[in-house]
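Please open the model in your viewer and keep the sequence panel beside it, since this tour moves from one selection to the next.

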Amino acid sequence: MPSFESVSFPGVNGTTLAGTVDIPDGGARAWAVFCHGFTLGKNSAAASRISKALAGHGIGVLRYDAAGLGGSTGKWEDGSFSTKVADVLSACGFMADTGRPASLLIGHSLGGAAVLAAASRVSGLDAVVTIAAPFRPSHVVHLFESELDRIAEQGSASVDLGGGELEIRRHLIEDLHSHNLTDSIRELHLPLLVMHSPTDNTVGIENASEIFRTARHPRNFISLEGSDHLMVERKQTTRAAAIIAAWAGTYLDLDGDS
């Protein structure tokens, strides 16, 4: 049975990020880093179940909490899309420093956009997977659209994003709007797997179409029929992990030493 290791590593702005490394039984044949969605954390259904399932397929995975979430220090409201991208790089650096360099990046929701932005700066990377990712990071602004005027006037506002009240600051909105992933996707030069549900009511399927059209080959698209955005059903995360493992086997050195 796969095991796990609780870890911590430096994030940006003096934060310490709490992570879990899901370790395959008998050692990993490859290592991955999983970046969670906007406010979800390492123990969200998508992050935890897909990572654990991938460990069952021989791929070890680091998943971690963004600053201010779960066991990580710092304040969530101080973060931005830029810090989310920087934390992907910090996570990959930690894995490399501990002798487990990531050859695969996986991102769910806004985490998918973050791994697309970060991938070109990760040494030794072999492939990238996005799950329910927006083409534009600013897409998440629709989640608190009704509060935009108040945020513009006051600098911040407390918003209920489904998992409790979180403070949204003006700098986050400005940072989200400042990022355009077109060049990052077009110049990825790595195999890309785009996974998305056609019935995703949070990030529409047209986002997957834009990512796929912008990317160059090798690229693949998998439709996650029946899944919602958060992938709360175990059968959906199990299926997604099996597809990722099978697809990644073409590009990762799964016969190499751990």
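**First stop: helix H3**

In this predicted model, begin by selecting helix H3, where Leu110, Gly111, Gly112, Ala113, Ala114, Val115, Leu116, Ala117 and Ala118 are buried. Because nine of the nine residues of the helix, which spans residues 110–118, are buried, H3 is largely enclosed by the rest of the structure.

**Second stop: Ala113**

Within that selection, pick Ala113, which is found in helix H3 and has a relative accessible area of 0%, so it falls under the 20% cut-off and is buried. Now display its surroundings: leaving aside neighbours within four places in sequence, Ala113 is in contact with Phe81, Ala133, Pro134, Pro137 and Leu181. If you then draw a distance between the C-alpha atoms of Ala113 and Ala132, which are 19 residues apart along the chain, the viewer should show a separation of 9.4 Å.

**Third stop: Asp200**

Ala132 also leads to the next selection, since not counting residues up to four places away in sequence, Asp200 touches Ala132 and His229. Asp200 has its place in the loop between strand S9 (192–196) and helix H7 (205–214).

What is the nearest side chain of opposite charge to the buried Asp200? That side chain is Arg239, 12 Å away, and Asp200 has no salt bridge. Select instead the backbone of the loop: the backbone nitrogen of Thr202 lies 2.8 Å from a polar atom of the Asp200 side chain, while the backbone nitrogen of Val203 lies 2.9 Å from a polar atom of that side chain.

Key
Residues are numbered from 1 along each chain as its sequence is written. This is a predicted model: local features need pLDDT of at least 70, side-chain atom pairs count only at pLDDT 80 or more; totals for chains, interfaces and linings use all residues. Side-chain values use heavy atoms; hydrogens and water are left out. Buried means under 20% relative accessible area, exposed over 50%, partly exposed in between (1.4 Å probe, protein chains only). Helices (H or I, at least four residues) and strands (E, at least two) are DSSP runs, numbered from the N terminus. Contact means heavy atoms within 4.5 Å. Lys and Arg count as positive and Asp and Glu as negative; His and the chain ends are not counted. A salt bridge is a side-chain nitrogen of Lys or Arg within 4 Å of a carboxyl oxygen of Asp or Glu. A polar contact is a pair of N or O atoms within 3.5 Å; within protein, one must be able to donate a hydrogen and the other to accept it, and residues adjacent in sequence count only if both atoms are side-chain atoms.
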